[in-house]
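Here are my notes on this one, written for someone opening it for the first time. Have a look at it, then read the points in order.

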Amino acid sequence: MLRPNLHYSELKDSYLFYNISKRVRAFLEEHPGERILRLGIGDVSLPLCSAVIKALHGAVDDQAYKSTFHGYMPECGAPFLRTAIGEHYRKRGINVSDSEVFVSSGASDELGDILDLFDRESAALITEPAYPAYVDANVMAGRRIVHLPSGEKDGFLPDPPGDGGADLIYICSPNNPTGAVYGREQLKRWVDHANKNGSVIIFDAAYEAFIEDPLLPRSIFEIDGAETCAVEICSLSKTAGFTGTRLGYTVIPESLVRCGMSLNSMWVRNRTTKTNGVSYIIQKGAAAVFTDEGQRQIRENIGVYKKNAKVLTEALDRLGIWYCGGKNAPYVWVKCPGGMDSWSFFDFLLNEGRIVGTPGAGFGGCGEGYFRLSSFGSPEDTEEAAERMMRLLK
Ligand code: PLP
């Protein structure tokens, strides 16, 4: 009999979002018509900007005529988009060539697919609390996982462990769920650690556009030595509202070589085998994000979310509650007041404040006792949630 991939049976059921919606549903059945303020969402609430919409319409029209019609697209990305993304790096003084940029359908897809490049016997080190897909994708691949917990002492930004320990290293900065952002010196320590041990860093930069402090690195390739040990995975989901439109990009330097094999060439081979590229229409929409007009417009939208984050952090400041994130990131990571555990605080906020957030325990063991608030909701809901928290937690 055919044996399925038995590692799927090792996956822990993800109760987090299921449990949240179950508890909210039960609450609404008991309190019909109550207005719930949702600060738990990881999805955006603002529509695509007009530069993107115009480009999407134009691309749809292109598909109507023989002279401008596009069929299969190049598997690694349309040259016009690879160049636009490459330029986006080069404008910031980061040396990335177009052939090092790969266009994808989103960061989630890449975070799973990229594992094809690595031996299944290798170990994955995951800094936690973490975006749950890192653990699950590696469990599915049968890979050994080393969990590296973090906490208030290190500002939820752990340093590399003393010993080697792992081959693949996951770093997410700005972090989901903690909103913490690595500084240059800290990232340099990770880069040096990876180069010394021959490891590869998978750097998830899905929230890089939320960094406003010019001293904080938005790309791992701002750090010397990263070109020989890192892959960067990015997304337009939160940067430009592409959660439903779907587009991401991955940077694999040509100088990233292990056992004499170029990871960039391996990825070209992988993509040309396993994909037929991202749709022309979506790539045209994505290219508009990198124009001056597109950048100005997405900054306006990001500004709305950042204002929401400020409303939340100002309320927490006034309440004297410990938190991190929210300044260069869309998430605010809150210490549950009164020593409450994550789910007790969830129930308290839901029942007493009609506010829904995300219990930190869902992002790994060291998330227990913490709570994630998202700034992706509407300004009205966020303001009201902050006011309700002020009344409840005074
Ligand atoms: N990486 C992190 C840290 C995320 O939070 C998310 C989505 O929430 C993703 C990746 C997935 O992004 P995409 O929508 O491009 O698949």
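Is cysteine 259 buried or exposed? Hold that thought until point 6.

1. What you are looking at. This is a predicted model, where local features need pLDDT of at least 70, side-chain atom pairs count only at pLDDT 80 or more, and totals for chains, interfaces and linings use all residues. Residues are numbered from 1 along each chain as its sequence is written, and side-chain values use heavy atoms, with hydrogens and water left out.

2. Overall build. The protein chain holds 12 helices and 15 strands (DSSP runs numbered from the N terminus: helices are H or I with at least four residues, strands are E with at least two). Its C-alpha trace spans about 60 × 55 × 55 Å along the principal axes. For 394 residues, a compact globule would have a radius of gyration near 21 Å, and the chain agrees, at 21 Å. That radius is taken over C-alpha atoms, and the globule rule is 2.2 Å times the number of residues to the power 0.38.

3. Inside and outside. Of the 394 residues, 55% count as buried. Here buried means under 20% relative accessible area, exposed means over 50%, and partly exposed is in between, using a 1.4 Å probe and protein chains only. About 17,600 Å² of the protein chain is exposed, and carbon and sulfur atoms supply 53% of that area (Shrake-Rupley method with a 1.4 Å probe; for residues, only the protein chains shown count as cover). As for contacts (heavy atoms within 4.5 Å), take those between residues at least 6 apart in sequence: 73% of them join residues at least 24 apart.

4. A strand with two partners. Strand β12 (residues 331–335) has four of its five residues buried. On one side, β12 pairs with β11 (residues 323–325) in the antiparallel sense over three bridges; strands pair if DSSP finds at least two bridges between them. β12 also runs antiparallel to β15 (residues 370–374), with five bridges joining them. Valine 332 takes part in both pairings: it stands opposite glycine 325, and its bridge partner in β15 is leucine 373. The link between β11 and β12 is a hairpin with five residues between the strands, and glycine 326 in the turn has a positive phi of about 85°.

5. Two cis peptide bonds. Most residues other than glycine have a negative phi, and most peptide bonds are trans. Yet the bond from glutamate 128 to proline 129 is cis, with omega near 5°, and proline 129 sits in the loop between β3 (123–128) and α5 (133–140). Asparagine 176 and proline 177 are also joined by a cis bond, with omega about 20°. Proline 177 belongs to the loop between β5 (168–172) and α6 (184–197).

6. Positive phi, and back to the cysteine. Cysteine 259 is exposed, because its relative accessible area is 82%. This residue lies in the loop between β9 and β10 (261–262) and has a positive phi of about 55°, although it is not a glycine. Arginine 246 is another non-glycine with a positive phi, about 75°; its loop runs between α7 (237–240) and β8 (248–251). Arginine 246 is partly exposed, since its relative accessible area is 30%.

7. A valine in β9. Valine 257 is part of strand β9 (residues 257–258). At 37% relative accessibility, valine 257 counts as partly exposed. Its C-alpha atom is 7.0 Å from that of threonine 228, although the two residues are 29 apart along the chain.
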